[in-house]
Amino acid sequence: MASDVIFAHRRATNGGGLLEKLDALYDAAALSSLVYPGALTAVLLHFGEIGNLTHVRPPLVRRLVTRLRQDGATPFLTGTLPAPPSPRRHAVDLLNGAQRHGFEGFGGIPLVAADGLTGGDQVPCAVPRQAIGREVPVAGAIAHADSLVSIAHVTAHPWAGFAGALLQLGFEGLARVGKATILGTLDGADSGAAIAEALRARQQACVEAAAAIFAQKEGRCGFVNVLLEITPDPDGHPLSDTPIVADIGLLGSRDPVALDQATADLVLQAAGLPDTRLSSSGVADKWRDLHPSVDWEFPLQHAQNLGLGSREYELMIV
């Protein structure tokens, strides 16, 4: 069954610019139904590695938390500690970096390191439709929140193919040890076949972590993908290369699989920009062109198989 995905085009219209369109997207995607008065609501995002200039724009995040507060929620901005070799070793580094990138002064909305001071605050959560005992270490503040809204900056990604809602939920939602476990799937892979198998194992582990968090929240997750400045590298990269396509807009949904499928399709349909890391501006599959060894469709199919959502979607324009 197809899921609704809400699309707010980058072009300004009589309805306003991106901030006004985010309001319309919020309403059309029924994100208000995720919360109730006093609901602790984690707004999950990547604050951007130091040196990265294309992370999610703070005014969009501010608008999102403003709407959540108006609906009675108690939101907080949150991210998790990166796995090495990032220079951000603990929560102080993480939150100082967030402040440097403009994620402060949101009218009393706190910044929270979801996995604690040194990345060890975690809650084991079961992966649905898996063998008994299969659990993942979800960051404590993510697990304990009543509701979760992810706002993800879409980029290409070296092992997921592209970064969107599933990667943000299943990787950024984990405590540091969980990230290290996922990244460790490539250890010892020394041939083309072994590397391809390890990449798929990494994608599978990330999707299963996303499924665990999604199931633990019991229908209280919402997702916004930001298709602006779509770069060849993710926000954890310490620099920002030239975007591969022109700005597309914003997408939102309660279904992360449909949302990411629509995200991937819109980028593939967009004209490539010249003088970027794409091999040519007319390349058919931009994700595979940037990362030829990565099957970006596998995570979407695995997520659908685990019950996170549907790859079929209806695009609704606001």
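# Cysteines and cavities

C221 is buried (under 20% relative accessible area, 1.4 Å probe, protein chains only), with a relative accessible area of 2%. This is a predicted model, where local features need pLDDT of at least 70, side-chain atom pairs need 80 or more, and totals for chains, interfaces and linings use all residues. Residues count from 1 along each chain as its sequence is written, and side-chain values use heavy atoms, without hydrogens or water.

**Exercise 1.** Work out how many disulfides there are.

*Solution.* Look for cysteine sulfur pairs within 2.5 Å. Start with C206: its nearest cysteine sulfur is in C221, 14 Å away, and C206 is in no disulfide. Next, take C221: its closest cysteine sulfur belongs to C125, and at 11 Å that's too far for a bond. The count is zero disulfides. As for its surroundings, C206 is buried at 4% relative accessibility.

**Exercise 2.** Find the largest cavity and say which residues are closest to its centre.

*Solution.* Search the whole structure for cavities (points on a 1 Å grid over the protein atoms alone where a 1.4 Å probe fits but can't get out): you get two of 30 Å³ or more. The largest has a volume (space filled by probe spheres on the points) of about 120 Å³. Of its 13 lining residues (an atom within 4 Å of a point), A160, F162, L166, L167 and P299 are closest to the centre. Now check the helices (DSSP runs of H or I, at least four residues): α5, α7 and α10 each supply at least two lining residues, and α7 gives the most, with three.

**Exercise 3.** List what lines the second largest cavity.

*Solution.* This cavity holds about 30 Å³ of space. Its lining is T54, H55, V56, R57, H153, V226, L228 and E229.

Terms used: Buried < 20%, exposed > 50% of the residue type's maximum accessible area, 1.4 Å probe, protein only. 1 Å grid on protein atoms, 1.4 Å probe; cavity = no way out; pocket = protein on both sides within 12 Å on 5 of 7 lines; lining within 4 Å.
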